[in-house]
Amino acid sequence: MRTLRSGLGMPLAVAAMVGAGLAIQAPDGLLAAWGVAGLLILARLPRQWPHLVLFVVATLVGGSLLLTREAELPRGLVGQELRLEGRILAYQAGQPASRLRFAVDNCHTLEPDLASCDALERVRLSVYDGPAMAVGERWRLTVRLRPPSGFANPGTFDYRAWLWREGLGATGYVRHSPPAERLAGAPFSPRQAALTFLDSHYPEGLGRRWLAALTLGADERLNDDDWALLNASGTTHLVVVSGLHVGLVATCILWLMRGLARWVTPGRWRMAVWPWVLAGAAAGGYAWLAGLEPPALRALIMTLVGLWVACGRHAPGPWQAWWLAFSMVVLVDPLSLWRPGLWLSFLAVAWLILIWQGRSRPQGLKGWVWALVRTQLLLAPLMAAAVVIAFGRLAPGSAIINLLAVPWVSMLMVPLGLLVWVLSGVPSLAHVCWLLFEALTTLLHAGLSDAVAVTPLLSLPAWQRLPVALCLAGVALAWGLPGVTRSLRVTVSLLMVAVPVTLEAPLPAQGSLRMQVYDVGQGQAIELTTDSRSTDIRTSIRSRADESVNDGTQGGRDGDADNGIQTTRLLYDTGPRFSSGFMPLAGLWPPGQAFSRVIVSHGDQDHAGGVPALADHRVGEWLAPSGEAIGHDSRPCVAGQRWSSGDVDFRVLWPPTGPLDALSANDRSCVLLVRLGEQAILITGDAGRAVERRLLSALPERIDVLVAGHHGSRTSSGGAFATATDPRQVIFSAGRDNRFGHPAAEVVRRFRRRGSCFWSTALDGAVTVTLTPGEAPMVTAERQPSWRRGVDGGCHGVESCP
């Protein structure tokens, strides 16, 4: 009780996180147990008032998250036409589609007897060839939606989680019929008025984009090249309206108001409270002008707590203030617990408190310069570790870059940018500030570009992220924690630097085969990796290509003859390319990957659409059916082609040699049989039943793993084929909520009668199969927690199939 009364900051933060955790897990009987706990606390009032405060905080946070979970689109409304009325929160024009974030005031279905969509609050929509729209306008839209979902692949961006933490209950697109109807114009918005003023008074270009982002939080004005440069240099925090910007506004107003107080009441100016109040009001007004997005809201709360601490009137200590700010942010915006920005910002502040606690205030210019250098050098490795964990990327030069960029932006660009707005009533002075700001922006952009050219961004694979992050954090702790001797700091730093250099990528077990069926939506992309430490390798990729004869009946071995380690990566199909131009394959690996072969089963967009995404990778050889234009010079994929990698044998079963004009595009598909000893994997592309019947004589007695033909369509996987293959594992590569109904009910029943184990990328995410000699195939899935339904684990990912 005494601890609670002396400081509620930490207990409030813990209570908020407990409420959030219980809401996400939602164990059975939670509401009943929670109600009983509340009654027990109420029964012991007033002695238990601190516990009541904590209980209320946990209830508010948990209740908010439970309501957010219930605000998702019901499954029964997938693909149905809905009528929405509401307001545009954000709008980004583009081609071929514009994106908007829509606050739903009213939702109803166009068909009777369907589930209600009244709980929807926010959705993300695509508008193809639609009318001009603006933020703040009210519209009536006819849409088709689906619940939040995203691709689930190892080590890639979790789009589903992003939708969750942004509070978006559905995604979809606007229908053209009936046409969208504007209900009301946008009300006056200071932020929108400021952006309009900016567009009308200053030329389009780098300076205008950065002025909007730096001073108004309009980071949507930055283009993809701007974000790529900021990510590569580790300076994205500079363009987010954060504590730097809000704190600078509060500091300037406080300095001016305290000067005014000293002039008005010379003898009592130090006791005046109103300068602090006005500084807080100015910070709030600026954060509101910047849109009160989560970073700005977080910065405002931390600034207000900081002003309270600095004023010295019954102020808490720095750590108590830190906990208080954290609890207030989570209470106001519970979803921020799932946003990396929350943890990055509070981690940075906590580290600053730790490294400066007990130290005297810097004196003179030299003291402040050294304080800035020390702060940045100690902060950089810890923040780099956090970014590696959160985003999987490392900007090697970020410490030195930020050492120069932070004062450049905070002391020059941000004040000048704010002066542009303050002096907007005096055009000549505002124009001078604008020219200076634009020049500084150009110099910063050029400097960042040169720095990134020397130290480019590293995209770390999943296996490397945790060790690298721990090493970076170790260096930061060694030099930042008090009481550590210099010799120990140097020793720890050398060890931490040496560890990442010695890391080796995990490889499949010797002689094994790993197949990953990636989650690319309604399409197919399969990677096969082998590793056999063989000593009899004779030919490399180049010599193998030279030895292969035109009819494809002769093959060779892939590998590295110099070191005796044979690692082969083969890619079968490249996934789709959507109408927006997005290719899921582009986000699977960092640039510079090497593939011995890429087989494009046929030219359909859901199999060949991702070919352009391989431009940043090295491909030893392309294979595709004769006559299929895939954008690369390729060898014909024909039956009889064989090659091996260690003990793994690859064999093409289809299409036949000769002209393929009589075959449909699907029936031209390259059919690949992969064998490791007695174990076999079969991939048939989109080949139909007629092709399957012609393959029966070439199949082994049993197939261990079958990637179902044509995504599980009824045009493939005939009865005779299912009986002949008798697969232990069947994988459907299909899109979630796809409009074709894949996998077809009759196909699922057909394999179920054979006792097959089902997996689907639509529900399981990426599916990984590992074949090891003498062991049963091991299958795992990248299933996202939010997708789990029914029995979890094992091959229950297709329980929704008929």
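Is cysteine 107 buried or exposed? Keep that in mind as you start the tour. The model on your screen is predicted.

**Whole chain.** Show the protein as a cartoon. You should find 24 helices and 25 strands. The C-alpha trace spans about 100 × 70 × 60 Å along its principal axes. A compact globule of 802 residues would have a radius of gyration near 28 Å, and the 30 Å of this protein agrees with that.

**Surface.** Switch the surface on. About 37600 Å² is exposed, and carbon and sulfur atoms supply 60% of that area. Of the 802 residues, 48% count as buried. Now colour by charge. There are 70 positive and 61 negative side chains, and the centres of the two sets lie 11 Å apart.

**First stop: cysteines 107 and 117.** Select both. Their sulfur atoms are 2.0 Å apart and form a disulfide. The link is left-handed, with -105° about the S-S bond. Cysteine 107 sits in strand 2 (residues 97-109), while cysteine 117 is in the loop between strand 2 and strand 3 (122-128). Here is the reply to the opening: cysteine 107 is buried, because its relative accessibility is 5% and buried means under 20%. Cysteine 117 is buried too, at 2%.

**Next stop: cysteines 637 and 670.** This pair also forms a disulfide, with sulfur atoms 2.3 Å apart. Cysteine 637 lies in the loop between strand 16 and strand 17, and cysteine 670 in the loop between strand 18 and strand 19. They are 33 residues apart. Both are buried. The count of disulfides comes to two.

**Last stop: cysteine 433.** Select it with cysteine 252. Cysteine 433 is in no disulfide; its nearest cysteine sulfur, that of cysteine 252, is 13 Å away. Cysteine 433 is buried, with a relative accessible area of 9%.

Conventions: Residues numbered from 1 in each chain as written. Predicted model: local features only at pLDDT ≥ 70, side-chain atom pairs only at ≥ 80, totals over all residues. Heavy atoms only, no water. Helix = DSSP H or I, 4+ residues; strand = E, 2+ residues; numbered from the N terminus. Rg over C-alpha atoms; globule rule 2.2 N^0.38 Å. Buried < 20%, exposed > 50% of the residue type's maximum accessible area, 1.4 Å probe, protein only. Areas by Shrake-Rupley, 256 points an atom, 1.4 Å probe, with all protein chains shown as cover. Lys, Arg positive; Asp, Glu negative; His and termini not counted. Charge placed at Lys NZ, Arg CZ, Asp CG, Glu CD. Disulfide = S-S within 2.5 Å.
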